Amino acid sequence: MKPTPPAPPIRDIDPVSLRLFLAALEEGSLARAAARENIVPSAVSKRMSEMEDAFGVPLLERGVKGVQPTPAGDALAAHVRRVLEDMDRMRRDMAGFATGVRGHIRLAVSFAALSGDLPAQIQSFRRAYPQIDISLEEDTTQTAFRAVLDGQADVAAGSDFGHEGLQVFPFGRCELAAVVPGQHLLADREALDYAQLLPFEQIELNRDNGISSVFEQAARDAGMTRRISARVSSHETICLLVARGMGVAVVPHYLKPRLAHLDIRFIALKGPWSSTPLCIAVRDPDALSPAARALLAHLGVLPAATA
């Protein structure tokens with residue numbers, strides 16, 4: 001009788017087996033995992049058996065409806081994900097050394113984050129690194145941060161709040177202004193406290209947005225309740241409705257020159273609600289690609305790489 005070959009030591013389990021193991025868990029089937037990874041099912045089964053022999057415990061429960069992880073398999077899956085992520089990061093880092101920094105950055109930004117120097121800095125970065133592509137998508141701060149948490153974006157820029165699970169770096173401020181109809185009772189004021197807007201109906205964005213949460217807190221601090229007359233999709237639409245007398249609002253101050261044709265007044269806010277801090281947010285700076293690290297260094301929030 002031919003002797004059974006010894007099980008491979010744990011150190012000899014290769015990344016292909018690890019990827020197949022995760023594929024089996026995610027697909028719930030060795031056959032579907034094989035199809036996904038373009039390998040024959042018998043080879044997947046053999047590799048899973050070798051992994052179980054190497055670890056000395058069952059990793060998968062096999063049944064007529066497919067496979068499910070054992071408790072040991074569940075525990076191993078978390079380690080495998082980290083190992084594969086580290087290997088991906090290693091490949092990205094080595095590619096950067098071999099060919100110069102290049103790649104693709106997914107950047108999610110809030111409307112407020114575009115109010116300052118960020119657009120100009122992105123353009124100067126593109127000139128400095130023409131081999132790096134940037135995909136920029138504008139949304140609310142919360143949506144931009146969720147995109148990073150969910151792995152749909154590499155870097156987010158937005159108002160500095162509500163960033164649990166992210167590491168943030170200060171990146172300037174967004175100056176705010178009250179906007180009122182041209183003939184409004186407050187139209188001749190040079191500056192306003194936010195509380196002076198609370199007796200009037202207000203217009204704001206219809207999506208989750210940072211400015212709204214800031215002013216909910218401001219109203220509570222003033223012992224008053226905000227009255228919202230409309231929720232719309234953009235700050236430009238807010239200002240259009242203000243011009244038509246539907247209420248007052250708070251918007252980024254930099255819109256003023258763009259909307260000079262409307263019969264509205266931009267009035268500076270004063271006090272703690274006159275601006276919101278901005279930040280750059282990432283999940284883990286150490287896990288960023290060389291391209292994303294180069295962008296953050298260009299923005300001045302991470303040190304530049306040294307030779």
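These legends describe close-up views of a predicted model.

**View 1. Helix H1, Ser29 and helix H2.**
Helix H1 covers residues 15-27, and helix H2 covers residues 30-37. Ser29 sits in the loop between these two helices. Is Ser29 buried or exposed? Ser29 has a relative accessible area of 10%. This value is under the 20% limit, so Ser29 counts as buried. Find the side chain of Ser29, then the backbone of Arg32. A polar atom of that side chain lies 3.1 Å from the backbone nitrogen of Arg32. Ser29 also touches residues further along the chain. Beyond four places in sequence, Ser29 touches Ala24 and Val67.

**View 2. Asn38 in the loop after helix H2.**
Asn38 belongs to the loop between H2 and helix H3, which covers residues 41-55. The relative accessible area of Asn38 is 73%. That is over the 50% limit, so Asn38 is exposed. The backbone deserves a look too. Most residues other than glycine have a negative phi. Asn38 is not glycine, yet its phi is positive, near 60 degrees.

**View 3. The hairpin of strands E1 and E2.**
Strand E1 spans residues 60-63, and strand E2 spans residues 66-69. How do E1 and E2 pair, and over how many bridges? They pair in the antiparallel sense, over four bridges. One bridge can be followed by name: Leu60 has Pro69 in E2 as its partner. Two residues carry the chain from E1 to E2 in this hairpin.

**View 4. Strand E11 and its partners E6 and E7.**
Strand E11 is made of residues 264-269. Strand E6, residues 167-181, pairs with E11 in the antiparallel sense. Five bridges link E6 and E11. Val179 is bridged to Phe266 in E11. Strand E7, residues 191-192, also pairs with E11, here in the parallel sense. Two bridges link E7 and E11. Ala191 faces Ala268 of E11.

**View 5. Cys239 and its contacts.**
Cys239 is part of helix H8. Its relative accessible area is 0%. Cys239 is therefore buried. Which residues does Cys239 contact, leaving aside neighbours within four places in sequence? They are Val179, Val251, Leu259, Leu262, Ile264 and Phe266. Val179 and Phe266 are also the bridge partners named in the view of E11. A further distance helps to place the helix. The C-alpha atoms of Cys239 and Lys256 are 9.8 Å apart, with their positions 17 residues apart in sequence.

**View 6. The cavity.**
The model holds one cavity of 30 Å³ or more. The space in the largest cavity is about 100 Å³. Fourteen residues would be hard to spot at once, so begin at the centre: of the 14 lining residues, Ile203, Glu204, Ile211, Arg226 and Val250 are the closest to it. Which elements each give at least two residues to the lining? They are strand E8 (202-205), helix H7 (210-221), helix H8 (235-243) and strand E10 (249-252). E8 supplies the most, with four residues. By class, the lining has eight nonpolar, four polar and two charged residues.

Definitions and conventions
Residues numbered from 1 in each chain as written. Predicted model: local features only at pLDDT ≥ 70, side-chain atom pairs only at ≥ 80, totals over all residues. Heavy atoms only, no water. 1 Å grid on protein atoms, 1.4 Å probe; cavity = no way out; pocket = protein on both sides within 12 Å on 5 of 7 lines; lining within 4 Å. Points joined across faces, edges and corners; volume = space filled by probe spheres on them. Nonpolar A, V, L, I, M, F, W, Y, C, P; charged D, E, K, R; others polar. Pairing = 2+ DSSP bridges. Buried < 20%, exposed > 50% of the residue type's maximum accessible area, 1.4 Å probe, protein only. Polar contact = N/O pair within 3.5 Å; in protein donor to acceptor, adjacent residues only side chain to side chain. Contact = heavy atoms within 4.5 Å.
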